[in-house]
Each structure stands twice: as C-alpha cells, then as structure tokens.
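Here is a short report on the internal spaces of one protein model, with a look at a buried charge and an enclosed helix. Have the sequence and the 3D view open as you read.

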Amino acid sequence: MMSSESEDLLKVENLSVYFGSRSDPVRAVDQVSFSVPSGQTVALVGESGCGKSVTSMALARLVPEPPGRYESGRVLFEGRDVLQMGREALQTLRGNEISYVFQEPSSALNPVFRIGYQIAESLRLHRPGVDIEKEVLHLLSMVGIPDPESRIRAYPHEMSGGMQQRVVIAMALACRPKLLVADEPTTALDVTIQAQILELLVRLQKELGMAVLLITHNLGLVADIAHSMNVMYAGRLVESGPTEKLLLDAKHPYTRALLQAVPRLEKTSERLQGIPGSVPNPGSLPAGCRFHPRCSRCEERCEQEEPELLSVLEDREVRCHFWDE
C-alpha cells in the first residue's frame, strides 16, 4: 500500500519471517511491504495459510525465536524499528501501543479468572494509578456489554461467543492503543454477531482515533470498513490499493477469484465459484508465479518467471505479468 511516510503510524519494509533451517527455509512471510496510516483501517486479505497471521504477529515481534526467524526487513512503528527493540521496549509496546484481538475468543480468555480481573491485568501493567474498577466498568460499557456491574464478576464460560469477543476487544482497548490488530475477529461467530462486532470496531476506531489492521479471508467484510487493502498469497503481497477501487476493478486473478467466492444477495440462484486447488506449502513453493497452478489465466511465462510487485495506475500495486489484459 502506498502512502506518504509522514502519515504512516506503521510502515513494514521488505519483511521476511522464515521457519526451519537456513538451507531449506519455510518462507511464511517473504519480502512483504505495506503501511498503516494513523487513524485509518487497513485490511490484509487472503486464504488461510497465506501468511497473514504470521505477518500480524511480527508487527510486535510476537513470533517466537526459534522456531521463527526474522530473516530481513524492518517494522517501523512511529519511526522506531520493532525488530531492533530490547525486552523492556517491547513490553511497553505490546498491549500499550499495539494491541491484538484474536479469533476464537474462548481461547483468548483464561477460563479460571473472572473477566474483570483479566481486563484489569493490562491496566495494572501499563496504567498505574488509574481507578481500575471504574475503568474496567467503563471499558465494558464502551464495547456494549449490558449490566457491566454484574458482568465484571462473570467467568468466560458464562458468556456467549459474541460477549466473549467484546470482552477481548475491551482488553485490547484498555491502554488506548494507537494500533489495533484484529486477526479474524469474527471467524467463530454467527452472521448476526459478526455484523455487530464489525460495527463495534468501526465505531471504536472513529471514537478513539486509532488505526486498525484487519486480518481476514473474506473480502465481503472489508468493503465498508477498510480504507485500503492488501491481498496476500503464499507469503507475498499480490495486490494493494484503495478498497473501493480494488473491489470494483481487481487486477490480479487471485483477487478476482476471492471476489467471485463472496456470496451476493442479488444472485441467490448462482453457484459460488471456488478457487481450485489450495495454497502451496511455504516449504515447497512452485517456480514462477506462486499462484500459477490455480490460475485460469496461466501461461508458460507464469510457470517460469515470478512477477515483480509493480506500481500501476495512480495508487495501485499488483504482482502479475498480465495485470493490464
């Protein structure tokens, strides 16, 4: 995604995160670059196994070393390189300036502690001196949990999946982060609750003025939320640009295939078009374009030569030999 450096809260430059040995690496994230401007929502989109979650974890250096290895690149948060930070600086960054909302809220919450205690943990660490109980009640109200005075004493199993996810969001917002990373925040929820959680994220992003990086496999979720989007496949970005332009005129065959897989209310009689095959194993990537074994547009050049990520039009980037055909 292209933007002016002065506006960027987060700037990722040629980030590579590998696993395994140096002689035979598993390239989970391979030369990825994008930025998140202050106060905006940016989407990182792709199927499971494309490297989205590893990318998001690397932003706060949460990928454990070993088995992971930060092979190259920089992660600049307000101009500071996260990958060069020491332990104390990382502790200040995590949860305080960059917070995460993960999928499966039941797994993110500790089943043996009351939710009030779990929300208060980050307050004790990063906001000493604050009235903890008052702030926890305020956070529960902010995320739309009814009767927070009684809910503060509840255990996670006493709440629905939607309420659990609201608690996880409250935990993430406890220290007023500048960047919220939402990694598939609606995956385990039914459609109605998904819409409520997305509306909540949009409202909170505007109220708090924070930036949001939304990780998802569903392009249908980003249309009304993200200012811009980055499409990821097999560890690399294949297309980036403003959300509206990209959804209306996708240039990469993978992006177009993802769009064709999104259900549409006005076309209930049409069969959804899936993408044949599956995302390649990052330890055994195909030669040439990494999408070519699944691409209907594939030609001999695609099998032999990997395309570069090109700046096209005014504000778009695409990795395809035939993007303009």
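## Cavities, a pocket and two buried features

The second largest cavity holds about 60 Å³ of space. This is a predicted model. A search of the whole structure finds three cavities of 30 Å³ or more. The largest cavity holds about 80 Å³.

The table sets out three of the spaces.

| Space | Volume | Lining by class |
|---|---|---|
| Largest cavity | about 80 Å³ | eight nonpolar, three polar, one charged |
| Second largest cavity | about 60 Å³ | five nonpolar, one polar, four charged |
| Second largest pocket | about 490 Å³ | 10 nonpolar, six polar, two charged |

**The cavities.** The lining of the largest cavity includes the cysteines Cys289, Cys295, Cys302 and Cys320. His252, His292 and His321 also line the largest cavity. Pro253, Phe291, Arg297, Pro307 and Phe322 complete that lining. Around the second largest cavity sit Tyr233, Val238, Glu306 and the arginines Arg236, Arg290 and Arg319, among others. His252, Cys289, Phe291 and Pro307 belong to the lining of the largest cavity, and they also line the second largest one.

**The pocket.** The second largest pocket has a volume of about 490 Å³. It is lined by 18 residues, and those closest to its centre are Gly95, Ser99, Tyr100, Ser122 and Met171. Which elements each supply at least two residues of this lining? They are strand E6 (98-101), helix H4 (115-126) and helix H7 (161-173). H4 gives the largest share, six residues.

**A buried lysine.** Lys52 lies in helix H1, which spans residues 52-58. Lys52 is buried but has no salt bridge. How far away is the nearest side chain of opposite charge? That side chain belongs to Glu184, and it is 4.1 Å away. The cut-off for a salt bridge is 4 Å. Leaving aside residues up to four places away in sequence, Lys52 touches Leu44, Val45, Gly46 and Glu47. Its other contacts on that count are Glu184, Ile215, Thr216, His217 and Met232.

**An enclosed helix.** Why is helix H10 (residues 253-260) described as largely enclosed by the rest of the structure? Because six of its eight residues are buried. These are Pro253, Tyr254, Thr255, Ala257, Leu258 and Leu259. The buried residues of H10 pack against strands E3 (41-45), E9 (228-233) and E10 (236-242). They also pack against helix H9 (243-248). Pro253, buried in H10, is one of the residues that line the largest cavity.

Note on methods. Residues are numbered from 1 along each chain as its sequence is written. This is a predicted model: local features need pLDDT of at least 70, side-chain atom pairs count only at pLDDT 80 or more; totals for chains, interfaces and linings use all residues. Side-chain values use heavy atoms; hydrogens and water are left out. On a 1 Å grid over the protein atoms alone, a cavity is a set of points where a 1.4 Å probe fits but cannot get out, and a pocket is an open set with protein on both sides within 12 Å along at least five of seven lines; lining residues have an atom within 4 Å of a point. Grid points are joined across faces, edges and corners, and a volume is the space filled by probe spheres set on the points. Ala, Val, Leu, Ile, Met, Phe, Trp, Tyr, Cys and Pro count as nonpolar, Asp, Glu, Lys and Arg as charged, and the others, Gly among them, as polar. Helices (H or I, at least four residues) and strands (E, at least two) are DSSP runs, numbered from the N terminus. Buried means under 20% relative accessible area, exposed over 50%, partly exposed in between (1.4 Å probe, protein chains only). Lys and Arg count as positive and Asp and Glu as negative; His and the chain ends are not counted. Contact means heavy atoms within 4.5 Å.
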